[in-house]
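Notebook open, structure loaded. I want to go through the strands, one helix and the core.

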Amino acid sequence: MSNATTFESSVMHQLAARGLALPDPPKPLGSYTAVNQAGHLLFISGQLPLAEGKVVWQGQIGRHLTLEEGRRAAELAALNVLAQIHAHLGGFERLDHIVRLEGHVTSADGWLQQPAVIDGASDFLADVLGPRAGHARAVYSHFQQPANAAVILVAIAQVRGA
């Protein structure tokens with residue numbers, strides 16, 4: 001079994017161990033592409049905590065949702081990032097690593113635990129992708145976001161042999 005096949009199997013095994021399966025990648029909410037490749041880089045448009053076409057986690061964290069619910073929203077958005085990568089590349093074999101992750105958190109006024117929310121995505125990616133998950137990161141706070149999503153993730157990934 002090759003390393004590529006081993007990695008693909010490992011990712012799917014890690015997801016299954018969490019009771020998850022890779023979903024179909026969500027469609028864009030507007031006039032843009034979900035993934036755009038430039039050379040060895042994949043630019044993944046904002047991914048919401050969507051499941052079956054519906055935003056699962058809505059509202060402000062620190063007001064409508066708890067920190068733990070925010071972390072779960074970030075994990076679900078990260079699962080959708082993986083779905084976009086998988087669909088664009090036809091698997092995970094060519095994924096070198098996640099380069100950057102931007103977390104946009106809908107937050108109550110004065111609530112300052114946004115990094116802990118996006119740790120939900122970072123920790124999830126590390127558990128599923130291992131060393132290929134290492135990334136730089138930025139976290140932003142917003143009063144409200146499209147579709148009233150609690151979290152939106154934007155990612156950049158490097159591809160092998162593009």
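Which handedness does the β-α-β unit of β5, helix α3 and β6 have? I traced β5, then α3 (residues 114-129), then β6, and the unit is right-handed. Worth noting that this is a predicted model.

Next I checked how the two strands pair. β5 (residues 95-106) and β6 (residues 136-142) run parallel, with seven bridges between them. I looked up L101 and found R137 in β6 as its bridge partner.

Then helix α2, residues 67-89. I tested its length: 23 residues at 1.5 Å a residue should span 33 Å, and the end C-alpha atoms are 33 Å apart, so the two agree. Just past α2, G90 has a positive phi of about 75°.

Is R71, in α2, buried or exposed? I get a relative accessible area of 19%, and the cut-off for buried is under 20%, so R71 counts as buried. A polar atom of the R71 side chain sits 3.1 Å from the backbone oxygen of A116. Beyond its sequence neighbours within four places, R71 contacts A116, V117, D119, G120 and D123.

Last, the nonpolar cores. The largest has 41 residues, and I85, L129, V151 and L153 touch the most other members. Elements supplying at least two residues each include α1 (3-17), β2 (41-47) and β7 (151-159). α2 gives the most, 10 residues. I followed I85 outward: leaving out residues up to four places away in sequence, I85 touches L42, I44, G91, F92, L95, I98 and A157. I also found a second, separate core of five residues, among them L48, L50, A149 and I152.

Definitions and conventions:
Residues numbered from 1 in each chain as written. Predicted model: local features only at pLDDT ≥ 70, side-chain atom pairs only at ≥ 80, totals over all residues. Heavy atoms only, no water. Pairing = 2+ DSSP bridges. Helix = DSSP H or I, 4+ residues; strand = E, 2+ residues; numbered from the N terminus. Right-handed = clockwise from strand over helix to strand, strands pointing away. Buried < 20%, exposed > 50% of the residue type's maximum accessible area, 1.4 Å probe, protein only. Polar contact = N/O pair within 3.5 Å; in protein donor to acceptor, adjacent residues only side chain to side chain. Contact = heavy atoms within 4.5 Å. Expected span 1.5 Å × (residues − 1). Core = buried A, V, L, I, M, F, W, Y, C linked by side-chain atoms within 4.5 Å.
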